[in-house]
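I opened my notebook to work through one protein model. My plan was to look things up one at a time and jot down what I found.

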Amino acid sequence: KHKDMIQMSFEVFKLISDDFLQTLPLDIIKNVIDTLLNFVTQDRDLNISFSSISQFWLVGDYLRTCTSKETQEDVKLVAEFNSKIKDGKLVETIISKKSHPYEVYNGLWLYLLKKLMECTEDKRLEVKNGAIQTFFRIVDSHAASFPSWDLICLEAIKPLLTARVTNDEPPEISEFLNITLQGLVQLYPAHLSNFSNVQESSDEWSLLFDYINMLTQLSSFDIIFSVFTNFKTLLVTFETFEELPSGILTSCYELWSGYNVVYTNLSKSPSYKKTNSDCLEEFINCYPPLYRLLRKKNLISTEQIEKSLSIFNSAVRYPLLPEFSSDKSRPSSLQAAVYNSLQVYEPNQTPDVELLLLTQMSNIVILPFDTRERIQKKLAHKLPSASKSSIPTFEAISYKVCENLYERILKIE
């Protein structure tokens, strides 16, 4: 009975929003958004929840056509509006009869985005995915009509990035997080890259980096793989920037270097599509663009290089190869990622750095002669017969690095 009532009321509401939304005055739109939120969060009819999410798009279209005719160059008006929102008076500003049309219009944009983001808190993964996808689509299409991005970050993005994600989440949460990260690594460079206010921009970017760092602490390989895939995309985007604050690059390095390379859960888990080895490969692949960014800003130190080489050393020794692969004639994909990262260091570094590089490369060259045997002794009795052939030989990576080591020594002045 309740489901039938919900269905009937939604059909009436949809008729109004589809055919008469454009005729409604601005002071009614908050009620429309609240009603949409109620339809999304009801748990008796999933189809109504889905359809309600798409209605947020229609409200966004309506707001775009109602672009405030009041000039945004009225510095005093803009400052007063920003102050009200930062004081937590969003709803009060929207419903107050004393509010200026500029404040109501921009307040409704913030309210729409805020409530749409609240839909991502739904326990149903299909609803979460639909809500976050709709949020980023509205951003892509209507960003030119939005109020200040500082306010959008405060009202809509900050709640998303400060929500805790735990290991208790179902494996399917990785899809939602991947959609979220894909959207964020496009949104931040496009709309939050005005670094004129260093402190404000630093706080906004810190939210993103803290969120990414939190996700790297989870046990899901699917999530960690997605994190580093999108982090690499962000770093490559940074390479196109003419100016980038040193603090942001330092945070990028700290995030990357703070990840622990561990050899846990060596076998493929039925719960995940990705393996620990896949995650480490994506993690190592982040280093070349990160190094280029740090070098461009003269932020590379001997200590950083030593730390990075230590990470490479741990990764290249990963004790199992991917399924159905061999590293005799060519390196595994993880070994190749380490090799490519070593190539970023130009010849004739400072003596301290050159010594670190030669030592690391020498350690890789001798991997087939000692490390393989130690892995066999430690793991052979724990592995099923079919997996014993997955213990790496390190032959191909040893040969390639040996050639590179010889060339590097010849170039030393």
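Before anything else, I wrote down a cut-off: a residue is buried under 20% relative accessible area, exposed over 50%, and partly exposed in between. Lys 114 has 24% relative accessibility, so I put it down as partly exposed. I also reminded myself that this is a predicted model.

**Entry: the whole chain**

I looked up the secondary structure and got 19 helices and 0 strands. Then I checked the outer dimensions: the C-alpha atoms fill a box of roughly 80 × 55 × 30 Å along the principal axes. The chain has 413 residues, and 49% of them are buried.

**Entry: salt bridges**

Side chains of opposite charge can pair when their charged atoms come close. How many salt bridges does the count come to? I got 13, and I took a look at three pairs.

I went back to Lys 114 for one of them. Its side chain meets that of Glu 155 in a salt bridge, at 3.1 Å from N to O. Lys 114 is in helix 6 and Glu 155 is in helix 8 (residues 149–162), so I noted a link between distant parts of the chain, 41 residues apart. Glu 155 has 9% relative accessibility, which means it counts as buried.

Another pair is Glu 103 and Lys 84, whose side chains meet at 3.0 Å, N to O. Glu 103 lies in helix 6 (residues 101–118) and Lys 84 in helix 4 (residues 75–86), so this bridge ties together parts that are 19 residues apart in sequence. Is Glu 103 buried or exposed? At 2% relative accessibility, Glu 103 is buried, while Lys 84, at 28%, is partly exposed.

I also checked Asp 34 and Lys 30, which form a salt bridge at 2.7 Å, N to O. Both sit in helix 2 (residues 26–41), and being 4 residues apart puts about one helical turn between them. Lys 30 came out as buried, at 13% relative accessibility.

**Entry: the cavity**

Rolling a probe the size of a water molecule over the atoms shows where empty space is left. I searched the whole structure and found 1 cavity of 30 Å³ or more. Its volume is about 60 Å³. Which elements give two or more residues to the lining? They are helix 15 (302–316) and helix 16 (333–342), and helix 16 has the largest share, with 3 residues.

I sorted the lining by class and got 8 nonpolar, 4 polar and no charged residues. Among the lining residues are Tyr 318, Gln 335, Phe 394 and Leu 334. I followed up on Leu 334: it lies in helix 16, and at 3% relative accessibility it is buried.

**Entry: a patch on the outside**

Next I looked for nonpolar residues on the surface. Met 8, Val 12, Leu 15, Ile 16 and Phe 20 form a patch there, with about 480 Å² of accessible area together. I picked Ile 16, which lies in helix 1 (residues 2–19). Ile 16 is partly exposed, at 38% relative accessible area.

**Entry: two asparagines in loops**

Asn 298 has a positive phi of about 55°, although it is not a glycine. I found Asn 298 in the loop between helix 14 (287–296) and helix 15, and it is exposed, at 70%. Asn 348 also has a positive phi, near 60°. Asn 348 sits in the loop between helix 16 and helix 17 (351–365), and at 35% it is partly exposed.

Notes
Residues numbered from 1 in each chain as written. Heavy atoms only, no water. Patch = residues over 30% accessible without salt bridge, like charges linked within 9 Å, V, L, I, M, F, W, Y side chains within 5 Å. Areas by Shrake-Rupley, 256 points an atom, 1.4 Å probe, with all protein chains shown as cover. Salt bridge = Lys/Arg side-chain N within 4 Å of Asp/Glu carboxyl O. Buried < 20%, exposed > 50% of the residue type's maximum accessible area, 1.4 Å probe, protein only. 1 Å grid on protein atoms, 1.4 Å probe; cavity = no way out; pocket = protein on both sides within 12 Å on 5 of 7 lines; lining within 4 Å. Points joined across faces, edges and corners; volume = space filled by probe spheres on them. Nonpolar A, V, L, I, M, F, W, Y, C, P; charged D, E, K, R; others polar.
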